[in-house]
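Got the viewer open? Set it to cartoon view, keep the selection tool handy, and let's take a walk through the fold.

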Amino acid sequence: MLERVKKRLESFGYALKDGDEAALAFSIQKVENTIKNDCNVPSVPEGLETVAIDMAAGEFLSAKKTFSPDDIEELDLDFVVKQILEGDTNTVFATGEASLTPEQRLDRFLNYLLTHGRDEFSCYRRIRW
C-alpha cells in the first residue's frame with residue numbers, strides 16, 4: 001500500500017522528501033487500524049483499498065499542513081475536480097472557486113480525502129460478540 005499512496009501523493013503534485021517515509025508509514029498504519037477496528041475485520045478489505053489510500057494521503061497531508069506547511073506549497077489546487085458525470089463523460093473543474101482562499105480549498109480537499117468513502121465501511125462491517 002505504501003507505493004500506491006506515494007503514487008497518489010505524486011498525482012497531487014507532492015514530491016516525497018527525506019523523512020517522509022516514516023510519517024507516511026504511520027499514516028497508513030493509522031488508517032488501516034481505523035478501518036479494521038470500525039469494520040471488525042483482521043485486514044483492510046479489497047473493496048476499501050482505494051478509500052484507505054485516499055485516507056492515508058489525507059492523513060499525511062494534514063500532518064504536513066500542521067507541522068510543515070512549507071512542504072505542501074507546491075500542491076496545485078486550482079484545478080481540483082468539482083463534478084464528474086460518467087454517462088457521456090462530463091468533467092467540470094473547480095477553477096479558482098472564486099470565493100475560497102487557497103487554504104480553504106486545501107481544507108476542503110483534505111476533508112474530502114479523509115471522509116470520502118467512509119459510508120462504504122458498512123458493507124464490510126462484522127458484528128462483534
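Before the first stop, one term: accessible areas come from the Shrake-Rupley method with a 1.4 Å probe. Put a surface on the protein chain, then, and you are looking at about 8,400 Å² of accessible area, 51% of it belonging to carbon and sulfur atoms. Bear in mind that this is a predicted model.

**The whole chain.** Go back to cartoon and colour by secondary structure. You'll find four helices and two strands, and reading from the N terminus the order is α-α-α-β-β-α. Of the 129 residues, 33% are buried. Among contacts with a separation of 6 or more, 68% link residues 24 or more positions apart.

**The core.** Next, select L9, F12, I35 and L61 and show their side chains. These have the most contacts inside the largest nonpolar core, a set of 27 residues. Four helices each put in at least two residues: α1 (2-11), α2 (20-39), α3 (49-67) and α4 (102-115). The largest share, eight residues, comes from α3. As background, nonpolar side chains in soluble globular proteins tend to be buried together.

Stay on I35 for a moment. What does it touch beyond four places away in sequence? Its partners there are N40, V44, P45, L48, A52 and F121.

**Helix α3.** Now select 49-67, which is α3. Try a distance between its end C-alpha atoms: the model gives 27 Å, and this agrees with expectation because 19 residues at 1.5 Å a residue should span 27 Å. Colour the buried positions, among them V51, A52, I53, F60, L61 and K64. The buried residues of this helix pack against α1, α2 and α4.

**A lysine on the inside.** Zoom in on K64, also in α3. Is this lysine buried or exposed? K64 counts as buried, because its relative accessibility is 11% and the cut-off for buried is under 20%. Show D71 as well: a polar contact of 2.8 Å joins the two side chains. Outside its neighbours within four places in sequence, K64 is in contact with Y14, D20, P69, D71 and I72.

**Another lysine to finish.** Select K36 in helix α2. At 22% relative accessibility, K36 counts as partly exposed. Past its neighbours up to four places away, K36 touches V41, P42, S43 and V44. Finally, pick Y124 too: K36 and Y124 are 88 residues apart in sequence, yet their C-alpha atoms are 9.7 Å apart in space.

Definitions and conventions: Residues numbered from 1 in each chain as written. Predicted model: local features only at pLDDT ≥ 70, side-chain atom pairs only at ≥ 80, totals over all residues. Heavy atoms only, no water. Core = buried A, V, L, I, M, F, W, Y, C linked by side-chain atoms within 4.5 Å. Buried < 20%, exposed > 50% of the residue type's maximum accessible area, 1.4 Å probe, protein only. Contact = heavy atoms within 4.5 Å. Polar contact = N/O pair within 3.5 Å; in protein donor to acceptor, adjacent residues only side chain to side chain. Expected span 1.5 Å × (residues − 1).
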